[in-house]
Amino acid sequence: MKELVEQITNYVPINEQEDNDKRVMLQYIRQFDDCLTRENELFHFTTSAWIVNKERTKVLMVYHNIYHSWSWIGGHADGNPNLLEVVKKEIEEESGITNLKLLMDGIFGLSIQFVKPHIKKGKFVSAHLHYDIQFLFDSKEEEPLKIKPDENSDVAWLELDTLLEKIEEEHMKPLYQKLMKKVENLDSSTIKKNLIIKI
């Protein structure tokens with residue numbers, strides 16, 4: 001937990017949403033020792049991947065069965081404070097990709113998202129918040145893809161130019177737009193060199 005608190009503390013927000021969400025995350029991560037697990041039914045930590053192609057014209061997304069929308073790949077911490085480790089596992093499980101490159105050290109973005117009440121695996125899940133930490137990767141479009149039937153019904157590289165038109169969750173559009181802009185503005189000194197992650 002200490003390392004996660006340090007990562008969030010060191011992250012430099014790029015807008016008011018991130019600045020406020022960072023403050024809230026740091027306030028409550030110190031007050032609730034169960035916020036890495038779903039036992040905390042008010043909020044818990046999740047992690048997501050923003051995976052772009054080599055040309056940075058597309059992003060890899062899944063069609064989420066619960067949200068009925070194209071969505072970034074991600075999942076719950078489920079007790080593991082190493083969210084980079086968690087998100088790598090989610091990438092393989094949800095998309096089949098095993099070769100990708102981490103483009104930045106540390107956190108690429110963060111946000112607090114509202115999750116509507118829903119049924120998951122036959123069980124009712126009350127409305128709650130996801131304290132989400134995002135990481136930036138790239139991968140080759142030629143990598144074989146596969147769905148995870150209990151979570152998604154499609155996996156595809158979507159054009160960034162028309163991405164927002166395909167998103168059904170209105171509250172997610174500003175978050176995706178922010179990450180797209182952030183990728184556009186990356187300079188070569190920010191990008192990690194030769195860090196290939198084999199999952």
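Helix α1 (residues 2-10) and helix α2 (residues 16-29) pack at about 155 degrees, and their axes lie 10 Å apart. Axes here are lines fitted to C-alpha atoms, for helices over the stretch in contact, with angles from 0 to 180 degrees between N-to-C directions. Helices (H or I, at least four residues) and strands (E, at least two) are DSSP runs numbered from the N terminus. The model is a predicted one: local features need pLDDT of at least 70, side-chain atom pairs count only at pLDDT 80 or more, and totals for chains, interfaces and linings use all residues. Residues are numbered from 1 along each chain as its sequence is written, and side-chain values use heavy atoms, with hydrogens and water left out.

The two helices, α1 and α2, are therefore roughly antiparallel (angles over 145 degrees). Which residues meet? In α1, L4, V5, I8 and T9 meet K22, M25, L26 and I29 of α2, where contact means heavy atoms within 4.5 Å.

I turn to the interior. The largest nonpolar core, a set of buried (under 20% relative accessible area, 1.4 Å probe, protein chains only) Ala, Val, Leu, Ile, Met, Phe, Trp, Tyr and Cys residues joined through side-chain atoms within 4.5 Å, has 33 residues; I8, F45, I51, L83, I91, I133 and F137 touch the most other members. Among the elements that each supply at least two residues of this core are α1, α2 and β9 (128-138). Another core, of 22 residues, lies apart from it and includes W72 and F108.

Finally, the backbone. Most residues other than glycine have a negative phi. R56, in the loop between β1 and β2, has a positive phi near 60 degrees.

Technical notes: Parallel < 35°, antiparallel > 145°, perpendicular 65-115°, else oblique. Buried < 20%, exposed > 50% of the residue type's maximum accessible area, 1.4 Å probe, protein only.
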